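Please read this report with the sequence and the model side by side. Find each residue as its name comes up.

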Amino acid sequence: MPSFKEQVLALYTSLIGDIPTLLWGPPGTGKTATVTYISQKLGWHLEVLIGATRDRTDFGGFPRLTPEGVVLEPFPWLSRILQATREGRTALLFLDELTSTPEDVRAPLLRVINERLAGDIPIPARIVAAANPEEQAVGGLPLEPPIANRLLHLEWHLSPEEWVRGMTEGWGFLYPPLPNPPAPHVLNQHLEEARNLVALYIRRNPAHAYNLPKGHEASRAWSSYRTWDMAARFLGTARALELPEEVQTLGVVGAVGKSGYALMSFLRDLDLPDPREVIRNPTLVPSRDDRAFATLHSVVSTLAHEWTKENFYGTCRVLNYIAEEGRADIAAPAAGRLIRLYGEARKARKPTWDFPQEFIRAFQHLLENMAKAM
């Protein structure tokens with residue numbers, strides 16, 4: 001069972017990665033307190049809404065007749081978020097007691113979660129929700145699959161031992177130090193690498209791509225194309241924050257359900273080399289195809305975020321090395337990405353260098369082999 005500190009770090013990762021998240025746990029386990037703590041630490045504006053006490057117009061907007069026609073006016077909660085944004089502050093919308101939200105309110109609430117819209121007005125805010133299990137909630141109802149599948153689910157608990165230490169040593173003990181948000185270019189590189197790894201996993205395990213469960217499980221985390229993207233975003237953000245595998249696993253499983261354990265096992269088995277070392281020494285590319293595929297994409301991702309002449313020519317040498325080994329199906333996708341990156345660099349008037357002749361010959365060889373395979 002994960003510790004409370006690991007749960008806090010998983011929630012923090014979701015917020016940094018802008019992933020809508022749902023905290024599942026019984027009353028009195030620190031869900032609201034933790035959301036408040038993190039928002040204060042980050043200096044964010046926190047807006048709390050309790051769905052059970054709201055009407056559908058609270059999320060859809062209040063209709064008002066104007067000379068131009070009917071418009072939907074924002075309610076005060078949204079006006080406060082818009083004001084915080086104008087002041088340059090990040091806003092966090094906290095939807096509490098989600099399973100107690102009446103059925104007629106859930107349709108406009110779904111639009112808030114999925115499209116970040118209240119009526120016709122965009123909601124510039126991160127979103128986190130909390131819910132008691134249906135049997136413990138007032139008027140509790142299970143979540144419909146369309147809502148459940150738009151949220152990353154984190155099971156929330158506080159052990160007696162943790163509570164005792166909080167009581168005796170201070171509640172601040174319960175919260176771990178929060179790492180600084182990563183620089184945008186660092187985050188983007190990790191997100192790109194995580195997407196490639198998740199795509200490789202689904203390529204190898206297509207049966208895991210989409211599985212809508214029946215009954216109660218459809219109200220929790222389950223795998224779909226949407227949630228695999230969510231898992232990749234969490235994985236990349238957690239790695240950019242340099243958080244341990246235990247925290248990475250919490251978020252990945254919270255996105256796609258039990259298939260997340262298989263993904264994490266797959267990633268451990270890959271044991272990929274450092275892409276910067278591979279750029280300097282192409283012979284470090286693994287011999288196993290799935291590891292080689294992931295390594296090549298990591299190499300190109302590194303080049304994308306560290307666009308230097310040395311990295312450019314090193315990446316070309318790596319792809320040429322794989323081509324000469326006759327592994328066209330492994331090298332071609334990465335080579336295609338490199339060509340696109342080069343085109344983008346030219347459009348952006350970044351420094352560009354001529355492709356080495358060996359890479360041009362290798363790329364032509366790849367195209368020929370792919371044409372024969374079709």
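**A helix residue and its contacts**

N196 touches H297, S301 and R337, when residues up to four places away in sequence are not counted. Contact means heavy atoms within 4.5 Å. N196 is found in helix α8. N196 has a relative accessible area of 19%, so it is buried. Buried means under 20% relative accessible area, exposed means over 50%, and partly exposed lies in between (1.4 Å probe, protein chains only).

This is a predicted model, where local features need pLDDT of at least 70 and side-chain atom pairs count only at pLDDT 80 or more, while totals for chains, interfaces and linings use all residues. Residues are numbered from 1 along each chain as its sequence is written, and side-chain values use heavy atoms, with hydrogens and water left out.

**The whole chain**

The chain has 16 helices and nine strands. Helices (H or I, at least four residues) and strands (E, at least two) are DSSP runs, numbered from the N terminus. The C-alpha trace spans about 70 × 60 × 40 Å along its principal axes. Of the 374 residues, 51% count as buried. Now take the contacts between residues at least 6 apart in sequence. Of these, 75% join residues at least 24 apart.

**The sheet**

Five strands form an open sheet. Their order is β2-β5-β8-β1-β9, and the pairing is parallel. Two strands pair if DSSP finds at least two bridges between them. β2 (45–50) and β9 (152–155) stand at the edges. Each has a single partner strand, so one side of each is left without a neighbour in the sheet. From one strand to the next, the twist averages 20°. The angles are taken between N-to-C directions and run from 0 to 180 degrees, with axes as lines fitted to C-alpha atoms.

Look at strand β1 (residues 21–24). It pairs with β9 in the parallel sense over four bridges. W24 has E155 in β9 as its bridge partner. R220 also lies over the face of W24, at 3.7 Å from the ring centre. Likewise, the charged end of K5 sits over the ring of F173, 4.6 Å from its centre. A charge sits over a ring if NZ of Lys or CZ of Arg is within 6 Å of the ring centre and within 35 degrees of the ring normal.

**Cores and rings**

In soluble globular proteins, nonpolar side chains tend to be buried together. How many residues does the largest nonpolar core have here? It has 75 residues, and those with the most contacts inside it are L11, L296 and F312. A nonpolar core is a set of buried Ala, Val, Leu, Ile, Met, Phe, Trp, Tyr and Cys residues joined through side-chain atoms within 4.5 Å. Apart from this core lies another, of 28 residues, with F75, L78, A91 and A131 among them. Leaving aside neighbours within four places in sequence, L11 is in contact with T21, L23, T34, V35, I38, V128, L154 and W156.

The structure holds 15 aromatic pairs. In one of them, the ring centres of F312 and Y313 are 5.5 Å apart and the planes stand at 75°, so the pair is edge-to-face. Rings of Phe, Tyr and Trp (its six-membered ring) pair if their centres lie within 6.5 Å; planes under 30 degrees apart count as stacked, over 60 as edge-to-face and the rest as tilted. F312 is buried, at 0% relative accessibility. Y313 is partly exposed, with a relative accessible area of 23%. One aromatic cluster is formed by W307, F312, Y313, Y342, W353 and F355.

**Residues in loops**

Two residues that are not glycine have a positive phi: E97, near 55°, and D271, about 45°. The table adds their places and exposure.

| Residue | Loop between | Relative accessible area |
|---|---|---|
| E97 | β5 (91–96) and α5 (103–115) | 30%, partly exposed |
| D271 | α11 (259–270) and α12 (275–280) | 56%, exposed |

N180 is in a loop too, between α7 (160–169) and α8 (184–204). Is N180 buried or exposed? At 67% relative accessibility, it counts as exposed. Not counting residues up to four places away in sequence, N180 touches Y12 and L241. N180 and I16 are 164 residues apart in sequence, and their C-alpha atoms are 9.8 Å apart in space.
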